[in-house]
Amino acid sequence: MPSRDVAAVGGQSIYSDPGSLGRVVATALLLGSAFLASPAQAQATPTQYLRQFDTNSDGKVSLDEYLTYMTAGFRHMDTNGDGVLDASELPGQHGKPLRLEDVRRNYETQFHRLDRNHDGFLSAKELAQPPQ
């Protein structure tokens with residue numbers, strides 16, 4: 001099941017509907033997943049995958065935990081820390097600037113799609129499922 005768990009991080013843009021930000025956000029998702037989805041981080045079960053997000057070890061993932069984990073790739077690439085990936089920080093050193101605020105908004109929408117029981121948290125099962 002490791003490939004499914006990695007796909008849950010790397011495949012987010014397939015299921016999202018980010019509207020006019022689609023291309024920009026999809027780029028951010030791919031950039032973030034390239035940073036996060038290394039073979040060493042692939043997990044065998046949804047519970048192990050959840051542990052990567054669950055910083056307070058309460059067995060569930062809050063919106064803040066989800067956003068922190070999912071935007072780690074962006075923050076890693078944002079070398080000047082201004083919340084914007086400009087051309088010099090993007091692969092190939094070209095492309096339109098990408099704002100962390102826009103990426104976070106897309107991930108927040110995805111979090112709510114994953115939260116199928118609407119309790120404000122993601123269980124291991126919800127986290128491992130593709131968004132609706």
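## Arg105 and its surroundings

Is Arg105 buried, exposed or partly exposed? In this predicted model, Arg105 is partly exposed, with a relative accessible area of 41%.

## A network of salt bridges

A search of the whole structure finds four salt bridges, and Arg99, Glu101, Asp102 and Arg105 are linked in a network of such contacts. Glu101 pairs with Arg105, their closest N and O atoms lying 2.9 Å apart, and Glu101 also forms a salt bridge with Arg99, where the corresponding separation is 3.4 Å. Asp102 likewise forms a salt bridge with Arg105, with the closest N and O atoms 3.2 Å apart.

Because Glu101 and Arg105 are four residues apart in helix H7, about one helical turn separates them; Asp102 and Arg105, being three residues apart in helix H7, are also separated by about one helical turn. An α-helix has 3.6 residues a turn, so residues three or four places apart point the same way. As for accessibility, Glu101 is partly exposed at 47% and Arg99 is partly exposed at 36%, whereas Asp102 is buried, with a relative accessible area of 8%.

## Helix H5 and the nonpolar core

Helix H5, which spans residues 63–70, is mostly covered, with six of its eight residues buried; these are Leu63, Glu65, Tyr66, Leu67, Tyr69 and Met70.

The largest nonpolar core contains 22 residues, and those with the most contacts inside it are Phe53, Val61, Tyr66, Leu122 and Leu127. Two or more residues of this core come from each of helix H4 (46–53), H5, helix H6 (72–77), helix H7 (100–114) and helix H8 (124–128). In soluble globular proteins, nonpolar side chains tend to be buried together.

Note on methods:
Residues numbered from 1 in each chain as written. Predicted model: local features only at pLDDT ≥ 70, side-chain atom pairs only at ≥ 80, totals over all residues. Heavy atoms only, no water. Buried < 20%, exposed > 50% of the residue type's maximum accessible area, 1.4 Å probe, protein only. Core = buried A, V, L, I, M, F, W, Y, C linked by side-chain atoms within 4.5 Å. Salt bridge = Lys/Arg side-chain N within 4 Å of Asp/Glu carboxyl O.
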